[in-house]
Amino acid sequence: MTQEELFKKLVAHSKEYGFIFPSSEIYDGLSAVYDYGQLGVELKNNIKRYWWDFMVKLHENIVGIDSAIFMHPRIWEASGHVGAFNDPLIDNKDSKKRYRADVLIEDWLAKQDEKIDKEIAKARKRFGDNFDEEKFRTTNERVLDIVKKRDEMHGRMVEALNNNDLGALRQIILDCEIVCPISGTRNWTEVRQFNLMFETKLGAAADGSNTIYLRPETAQGIFVNFLNVQKTGRMKIPFGIAQIGKAFRNEIVARQFIFRMREFEQMEMQFFVRPGEELKWFADWKEARMKWHRALGFGDAKYRFHDHDKLAHYANAATDIEFEFPFGFKEVEGIHSRTDFDLGNHQKFSGKKIQYFDHETGESYVPYVIETSIGVDRMVLQVLSASYEEEKLENGEERLVMHFPPALAPIKAAVLPLIKKDGLPELAHEIKDMLKLDHTIQYDEKDSIGKRYRRQDAIGTPFCITVDHQSLEDRTVTLRHRDSMEQERVAIADLPRIIGEEVSLRKLFTKL
Ligand code: GAP
């Protein structure tokens, strides 16, 4: 199965089992907007809990807030979003389709890498065991030509983005002979900037004075509350403020399911530090965040850092944590050293002094900030795609199983009476009622036990508890483990401990 087919199946599976639905589906949907179904919302809540507890519970010097989506419009001038939160757009005159110019070039760069990989694969086939990849890469003329052109175009793109040179971006598209995927032509317009913020109106004033924006990031709600939290929480630097909430961007290239949406959720933490110490903290947070991802157990090779080519004007270091989705390595989280840009600008624009008095040094200053910013929906997609498996069993059958880390699984256990009579349903309900005080539990008595196991595998339930006639006699049940499919006989009284240990976040946290 190709990665593309796998991704299509994952999207279909997510809908079929109630994880994710297209928004407004009975009205034919709304582009790049999605709804979470009954299982999706549980998965998403568990991911948020994993992040929140890591930040706020495990770090004594991090506290959380929940700020409003509507904010004073001057905030977005101070943050630079009104002036510079733009994407460079280009239209194809024949198909009338609109693209992000930088994305067209990035896709072209990725194609060059694919070409190189193909050359290497061909040569490996030809030379067999004697193949020396390093030598081939550094001597094969065709590969060297591709690498040279790719590096040249990459360098030009970085320069054009850094200089905001829209003409230069267009010229790269022409020089790379990039065609519109729909019309197949190179009939391009000029490149121009497009602001990604959604506008709306507050109250009823008739003039434009009441225009506000739906926040494009949650971070600014943290910055403008810096003094409130620092003073009321008696926080001492270094300290952090964490927040989870919705953000909105009028994305031009909205694609790849929930990877790029117009309404999405972020989990952001701003860590305030002494000026001059920010790069040490940047390195620490890079490591801490990568560990948090890897603790999920999807394999270390699935993650990599990608340092930014283009640093935002306020940042002095920035990196992304990328995950290998079925459509390639893509960003799930950004870690940025944002200097004193945001607090400094809010001080300027609001006219209010935003400073911290450091008792240790006897100085007042505007703190520097390290930001960790991760998309909840991209984490959901990461967990869905890493967990999905069509597994061939020893008996020749196939099962579809979601290998969710137990702490993230939407349903922790299913209680299944072997048959619908003889008092088995009553005992099964008793077990469900005991376990539901701590966990999300399903009760299912329909169809054969094999079919019921498959249904639970498909939604990633770590445990199935089967109640049979022996259970009535000795109060034991069969406990089936999702991944190994092993079954063991355990006492009903031991279920809360066995399940509790396996599905607890503590299991993930002890790896950090
Ligand atoms: N405050 C910094 C900030 O917002 P960003 O790199 O623009 O930085 C942070 O966004 C994270 O938010 C990204 O790594 C990604 O996971 C998520 N994100 C951004 N735009 C998104 C979109 N349109 N749809 C889904 N997630 C998005």
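Contact here means heavy atoms within 4.5 Å, and helices are DSSP runs of H or I with at least four residues, numbered from the N terminus. The model is predicted, so to speak plainly of its limits: local features need pLDDT of at least 70, side-chain atom pairs count only at pLDDT 80 or more, and totals for chains, interfaces and linings use all residues. Residues are numbered from 1 along each chain as its sequence is written, and side-chain values use heavy atoms, with hydrogens and water left out.A helix pair makes a good starting point. Tyr 50, Trp 51, Phe 54 and Met 55 of α2 meet Trp 285, Ala 288, Arg 289 and Trp 292 of α11. By class, this contact holds seven nonpolar residues, no polar ones and one charged (Ala, Val, Leu, Ile, Met, Phe, Trp, Tyr, Cys and Pro count as nonpolar, Asp, Glu, Lys and Arg as charged, the others, Gly among them, as polar). The axes of α2 and α11 (residues 278-294) come within 12 Å and cross at roughly 145 degrees; axes are lines fitted to C-alpha atoms over the stretch in contact, with angles from 0 to 180 degrees between N-to-C directions.

Trp 51 and Trp 285 reappear among the residues with the most contacts inside the largest nonpolar core, which has 61 residues. Such a core is a set of buried Ala, Val, Leu, Ile, Met, Phe, Trp, Tyr and Cys residues joined through side-chain atoms within 4.5 Å, buried being under 20% relative accessible area with a 1.4 Å probe, protein chains only. Helix α2 (residues 38-57) supplies the largest share of this core, seven residues. A second, separate core of 20 residues includes Ala 101 and Cys 176.

A further pair is formed by α5 (residues 101-127) and α7 (residues 141-162), whose axes come within 10 Å and cross at roughly 160 degrees. Helix α5 is therefore roughly antiparallel to α7, a term for angles over 145 degrees.

Technical notes: Buried < 20%, exposed > 50% of the residue type's maximum accessible area, 1.4 Å probe, protein only. Helix = DSSP H or I, 4+ residues; strand = E, 2+ residues; numbered from the N terminus. Parallel < 35°, antiparallel > 145°, perpendicular 65-115°, else oblique.
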